[in-house]
Amino acid sequence: MIKEFRDFIAKGNVMDLAVGIIIGAAFTAIVTSLVNDLINPIIGLIIGGIDFTSMYVVLSGEVPAGTGLAAARESGAAVFAYGAFLTSCINFMIIAFVVFMLVKSVNRIKSMAEKPDDVEPEVKTGPSEIDVLIEIRDELKSAKASA
């Protein structure tokens, strides 16, 4: 069982997957920072200087006015955190777009690297049947003319 596990881990696909997960986690942190530190402040400025990620509606419980989302959650109140949800949606759209662009680029590079199968190599063939018949006719004419 240990040998099988070692063989499984040593396979290239497993290592590629692990590297992809690590890079994905780092990329997610970058996108989260982009959304939280750059995009949300701009959206907040447009809608009146409000912190977009902290927008919520109290469904039940008591939360003092002006309390941040984290404090509202800690108070035990049921909150509808639509700002955090919209932030997650923006994060997803950015990550999905970047992954789409990566896959598109990789597919383009793969297609340029692969030789198309439908192009057959040119094979030298002998003369066609018509060419042979024309040659025979011409030789018969020349033989008749010499006689």
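Helices here are DSSP runs of H or I with at least four residues, strands are E runs of at least two, and both are numbered from the N terminus. With that in place, H4 turns out to be the top contributor to the nonpolar patch, giving 3 residues. The model behind all of this is a predicted one.

The overall layout comes first. The chain has 5 helices and 2 strands, and reading along the sequence gives α-α-β-α-β-α-α. A compact globule of 147 residues would come in near 15 Å for the radius of gyration, but this chain has 35 Å. The box filled by the C-alpha atoms, taken along the principal axes, is roughly 120 × 55 × 25 Å. As for burial, just 11% of the 147 residues in the chain count as buried.

Back to the patch itself. Val57, Leu59, Phe80, Tyr82, Phe85 and Leu86 together make a nonpolar surface patch of about 580 Å². Strand E1 (57-60) and helix H4 (82-113) are each in for at least two of the patch residues.

Helix H4 deserves a closer look. Its 32 residues, at 1.5 Å apiece, should span 46 Å, and the end C-alpha atoms are indeed 46 Å apart, so the expected and modelled spans agree. Tyrosine 82, a residue of H4, has a relative accessibility of 30% and therefore counts as partly exposed; the window for that label runs between 20% and 50%. Asparagine 107 sits in H4 too, and its 44% relative accessibility means that it also counts as partly exposed. On the buried side, H4 has Gly83, Thr87 and Asn91. To get a feel for distances, asparagine 107 can be set against valine 57: the two are 50 residues apart in sequence, and their C-alpha atoms are 45 Å apart in space.

Then there is the annotation. An unreviewed UniProt entry puts the feature "transmembrane region" at residues 17-35, 42-59 and 79-103. In the model, residues 17-35 are 100% helix and 0% strand, with 26 Å between the end C-alpha atoms. Residues 79-103 come out at 88% helix and 8% strand, and there the end C-alpha atoms are 38 Å apart.

Definitions and conventions. Residues numbered from 1 in each chain as written. Predicted model: local features only at pLDDT ≥ 70, side-chain atom pairs only at ≥ 80, totals over all residues. Heavy atoms only, no water. Patch = residues over 30% accessible without salt bridge, like charges linked within 9 Å, V, L, I, M, F, W, Y side chains within 5 Å. Areas by Shrake-Rupley, 256 points an atom, 1.4 Å probe, with all protein chains shown as cover. Salt bridge = Lys/Arg side-chain N within 4 Å of Asp/Glu carboxyl O. Buried < 20%, exposed > 50% of the residue type's maximum accessible area, 1.4 Å probe, protein only. UniProt positions renumbered as here; feature names shortened; annotations may be inferred. Expected span 1.5 Å × (residues − 1). Rg over C-alpha atoms; globule rule 2.2 N^0.38 Å.
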